[in-house]
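Biologist: I would like a close look at a single part of this model, set against the chain as a whole. Please take me through it in one connected account.

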Amino acid sequence: MMNIAAQIPPRARKVVELGASRERAGEAFLRIQPQAEYYGVVAEAGELREAASCLPHAFCFTPENLDFEALGLYEVDVLIIRGRFLQNLTAERLKKWARVLKPEGQLLLEVPNPAYIRPLLAQLAGKGQLSAGGYGVSEIRQMLKEAGLSTLLVQGSYDLEQDRELINSAENQALLQGLQGLLRKQGWEAAKDRDPWLAWFFFRAVKKPPAEEDKLLIQVVIGEDIVTSRVRIYEPHDFLVTEPGVSAMSITRDRYQGVDEMAAKFPRKVFIRQRLSYDTAEQAFATVESLREKGYLILGEMDDNPSAFLRAYPEIDALSYLATHAIQVSTEPLAEVLRAYNPWVKVFENQLKELPEKRSYGEERLKKLAAGEDYVTFFFGALNRTEEWQDVMPVIRGAIGKYGARLRFKVLSDRGFFDALPTEHKEYIGTKDMYGGQFVPYAMYQEALHSSDISFLPLRDNRFNRTKSDLKFIESAGHGAVVIASPTVYEASVREGQTGFIYRSPEEFRACLELLVENRERRLETARAAYEYVKRERLLADHYLERLAWYREMVSRREELDAAMMKRLKEWQEKYPEALNRNGEVKA
């Protein structure tokens, strides 16, 4: 089934799901937006207990006797219709139900496809029954129109990845074409659709569609696709596309072949270069000229100090920031660095896409005691931090000698740190066949954090580190691991002694570590406070609309920004006239 929770606009504060599913969409959405009120309605009394077990509000009504007034439901942000509530659906019923929506509210439908490929092929093989029930795309579109709603999106989904193989296999192509023709003759609405063999169709509809001039396309070329692209691009854009009129698409630089032709359909469009440098001045000027001709707002996206990426010709590296209308960054110190190149810099702090499941420390403690164990797990997972931990390693070794098996370790990325620990009670997270053991899937990183008690965040005070973000703190806090962190970066967001601990010397590090190992109540109290801080202030659902508002503002000021950019480039040409005549690639 479609991941409905991912389709709900995260800004929604009141959501009603008719046909509350066993996939627990409400439970998943409440991790994205904990401030929301989520109401689940089921049609069968036997389903009510399960719905009530994972939702704060659960009710039982059939489609025929559903009464929103009896539930006291008005001014709803999102109404979801699925399951039994799709049976005998009519435009009249849709119109009646849609009355509870706010003027800017959204109606979401998840409709099973009666022409789904698997039961069709099973029927042909004599292994199943074919049912002509259900609705096709054009039929649902017409119902929505008659109900006074505008369809913004129709998206098909596969039930299994193997469905794609069935549909695309050469041996099935002729069979499926013939079958589609046969179903059309029999009047199957679904067989008229462009891609009729999908498992599900998802619809997003609104009372008032966005004006054509307000539609916005966001296109991104990804320069770094292992670590930063997730939090800086993919997750924010997953949220942005739930807003009416917003489309987003991303592609890695090795696959980029130029601006997609769909861009012509959008009067307002943004082109983002994520962590990309130009190889030559000619390339920079040609890119700018091409994007300007097509009417793009050109943005740079950066989350690290550019001093780390300087190559043979710093003046050409500077074009990454000069040859953009504006730049978005992750921290204010980094913004200050880049304003030396371009005054139009906006800070979007890193946030968590969803609130991790709350730790149940009491149960964890009981499990440890039942196994005859009572230990504290110390987590360290960061790249290029060898210099950062050298001064406290003697303290860590001393703690190992003092606490023995009571102190255990989980280490990610830094094999040197792992090898320096004189204990058998340690685990290295990662395998050599995955980027040499330096990177792991994000889910594995989260799992390691979620099963740890202490998270070590060392950063030396230098120009590069000062521009870094506090992402590792909010990830640790979300997963219930108390941080022992350096003051660089982290003292600005960690409330010392309340949501974490800051150390400024090996002696202070020793005091923090011993306190957290020996004082369980203080450790849990700190972890809970940090978790509440993330829930209250550091979830992306409460911040992503700031990004959309800035994009719209910058697009509206494109003429002004364009004049300023061209002035910067003219000044650069006058200062470095020989740079445009260099041949070949700039080497690092």
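Modeller: Of the 588 residues in the chain, 50% count as buried, and this holds for a predicted model rather than an experimental one. The secondary structure comes to 25 helices and 19 strands, and among the contacts with a separation of 6 or more, 73% are between residues 24 or more positions apart. The chain exposes about 27300 Å², of which carbon and sulfur atoms supply 48%.

The part I would single out is helix 10, together with the loop that leads to it. That loop runs between strand 10 (268-274) and helix 10 (281-293), and arginine 275 is placed in it. Although arginine 275 is not a glycine, it has a positive phi of about 50°. Its relative accessible area is 19%, and because buried means under 20%, arginine 275 is counted as buried.

Helix 10 itself meets helix 25 (residues 558-575), the two axes coming within 13 Å and crossing at roughly 160°. Because an angle over 145 degrees counts as roughly antiparallel, helix 10 is described as roughly antiparallel to helix 25. The crossing in which helix 10 passes helix 25 is left-handed. On the side of helix 10 the contact is made by Ala281, Phe285, Val288 and Arg292, while helix 25 contributes Arg558, Asp562, Met565, Met566, Leu569, Trp572 and Gln573.

Two asparagines in other loops can be set beside arginine 275. Asparagine 88, in the loop between strand 4 (76-81) and helix 4 (91-98), also is not a glycine and has a positive phi, of about 55°. Its relative accessibility, however, is 55%, and since exposed means over 50%, asparagine 88 counts as exposed, whereas arginine 275 is buried.

Asparagine 350 lies in the loop between strand 13 (345-347) and helix 14 (361-370), and with a relative accessible area of 5% it is buried. The side chain of asparagine 350 is joined to that of arginine 232 by a polar contact of 2.9 Å. If its neighbours within four places in sequence are left aside, asparagine 350 is in contact with Val231, Arg232, Ser330, Ser469, Leu471, Ile474 and Arg538, so that Arg232 appears both in this list and as the partner in the polar contact.

Notes:
Residues are numbered from 1 along each chain as its sequence is written. This is a predicted model: local features need pLDDT of at least 70, side-chain atom pairs count only at pLDDT 80 or more; totals for chains, interfaces and linings use all residues. Side-chain values use heavy atoms; hydrogens and water are left out. Helices (H or I, at least four residues) and strands (E, at least two) are DSSP runs, numbered from the N terminus. Buried means under 20% relative accessible area, exposed over 50%, partly exposed in between (1.4 Å probe, protein chains only). A polar contact is a pair of N or O atoms within 3.5 Å; within protein, one must be able to donate a hydrogen and the other to accept it, and residues adjacent in sequence count only if both atoms are side-chain atoms. Contact means heavy atoms within 4.5 Å. Accessible areas come from the Shrake-Rupley method with a 1.4 Å probe; for residues, only the protein chains shown count as cover. Axes are lines fitted to C-alpha atoms, for helices over the stretch in contact, and angles run from 0 to 180 degrees between N-to-C directions. Angles under 35 degrees count as roughly parallel, over 145 as roughly antiparallel, 65 to 115 as roughly perpendicular and the rest as oblique. A crossing is left-handed if the near helix is turned anticlockwise from the far one by less than a right angle, and right-handed if clockwise.
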